[in-house]
Amino acid sequence: HVAGSAALMKQLHPAWSPAAIKSALMTSTNDIKLANGSLDPDRFGYGAGHLNPNSAANPGLVYDAGPVDYLRFLCGVNSLASDDPICTTFGAIAPWNLNLASLTAADALGKITLTRTVKNPGAATATFLGSAAVPGWDVVVTPAALTLAGNASASFTVKLTRTSASVGVWSFGNLVWSDGVRQVRSPLSVRGSLFASPFLVTD
């Protein structure tokens, strides 16, 4: 179903990258519910939600990424050495800042800030208001509103500060951008930690 929907999206928007198509499919989904009508709490079990191709055709905003973004990610996770020509040329990013349509922080030491960039793939100027919530965490989206001309992009940050969430336990929520008609919803997942240490230390 996903592959077929992606093929239809590519036919509809031939200039879109694979990342933009994936973003549109992810951020336009519907909630997954259990047989009793409640929301499925296993976010990692179902991902972004139930596929909605009609909404994906006009998603409002997309999270795009290209080869340079993935190279910078590989440098950031040390899959490529810091003195590799690729890393010295393009730099590195923290793994949680790869411009995906989902936001995940695996080891937040009390607080963490994630950065994303969105693009308005349409022709008309649009204003989107941002909101986010994760149980046990205070979440601040900056800026709280984005006004984008057609084909324009803008960056924003999501700052998470642990309040009542248990350490070492995943908390699941959403980041939503809305223009009053469309909702661009991204999964937002975070796990708090008390300390961090390198995997290996040598001298």
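From the N terminus on, the elements of this protein run α-α-α-α-α-α-β-β-β-β-β-β-β-β. The secondary structure thus amounts to 6 helices and 8 strands. The model is a predicted one. Its radius of gyration is 18 Å, close to the 17 Å that the globule rule gives for 203 residues, so the protein is as compact as a globular protein of that length. Taken along the principal axes, the box filled by the C-alpha atoms is roughly 55 × 50 × 35 Å.

The overall figures for packing and surface may be considered next. Of the 203 residues, 35% count as buried. Among contacts with a separation of 6 or more, 62% come from residues 24 or more positions apart. The accessible surface comes to about 11,000 Å², and carbon and sulfur atoms account for 58% of that surface.

Individual side-chain pairs add detail to this outline, beginning with the aromatic rings. The structure contains 5 aromatic pairs. One of them joins Phe-156 and Trp-177 in an edge-to-face arrangement, with the ring centres 5.0 Å apart and 70 degrees between the planes. Phe-156 belongs to strand S6 (residues 153-162) and Trp-177 to strand S7 (residues 170-178), so the pair ties together parts that are 21 residues apart in sequence. Both Phe-156 and Trp-177 are buried.

A stacked pair is formed by Trp-170 and Phe-172, for which the centre-to-centre distance is 6.5 Å and the angle between the planes is 15 degrees. The angle qualifies as stacked because planes under 30 degrees apart are classed in that way. Trp-170 is partly exposed, at 25% relative accessibility, and Phe-172 is likewise partly exposed, at 24%. Together with Phe-44, Trp-170 and Phe-172 make up one aromatic cluster.

Charged side chains provide a further set of links. Across the whole structure, 3 salt bridges are found. In one of these, Asp-31 is joined to Arg-185, and the closest N and O atoms are 2.4 Å apart. Asp-31 lies in the loop between helix H2 (18-27) and helix H3 (43-46), whereas Arg-185 lies in strand S8 (residues 183-192), so this salt bridge ties together parts that are 154 residues apart in sequence. The two partners fall into separate accessibility classes: Asp-31 is partly exposed, with a relative accessible area of 38%, while Arg-185 counts as buried at 12%. Arg-185 is placed in the buried class because its value is under 20%.

Strand S8 also takes part in a salt bridge between Asp-107 and Arg-191. The N to O distance here is 3.4 Å. Asp-107 is in strand S1 (residues 103-108) and Arg-191 in strand S8, and the pair links these distant parts of the chain, 84 residues apart. Asp-107 is partly exposed, with a relative accessible area of 47%, and Arg-191 is also partly exposed, at 24% relative accessibility.

A further salt bridge connects Asp-179 with Arg-182, the closest N and O atoms being 2.7 Å apart. Asp-179 has a relative accessible area of 25% and is partly exposed. Arg-182 is partly exposed as well, with a relative accessible area of 22%.

Methods. Residues are numbered from 1 along each chain as its sequence is written. This is a predicted model: local features need pLDDT of at least 70, side-chain atom pairs count only at pLDDT 80 or more; totals for chains, interfaces and linings use all residues. Side-chain values use heavy atoms; hydrogens and water are left out. Rings of Phe, Tyr and Trp (its six-membered ring) pair if their centres lie within 6.5 Å; planes under 30 degrees apart count as stacked, over 60 as edge-to-face and the rest as tilted. Helices (H or I, at least four residues) and strands (E, at least two) are DSSP runs, numbered from the N terminus. Buried means under 20% relative accessible area, exposed over 50%, partly exposed in between (1.4 Å probe, protein chains only). A salt bridge is a side-chain nitrogen of Lys or Arg within 4 Å of a carboxyl oxygen of Asp or Glu. The radius of gyration is taken over C-alpha atoms; the globule rule is 2.2 Å times the number of residues to the power 0.38. Contact means heavy atoms within 4.5 Å. Accessible areas come from the Shrake-Rupley method with a 1.4 Å probe; for residues, only the protein chains shown count as cover.
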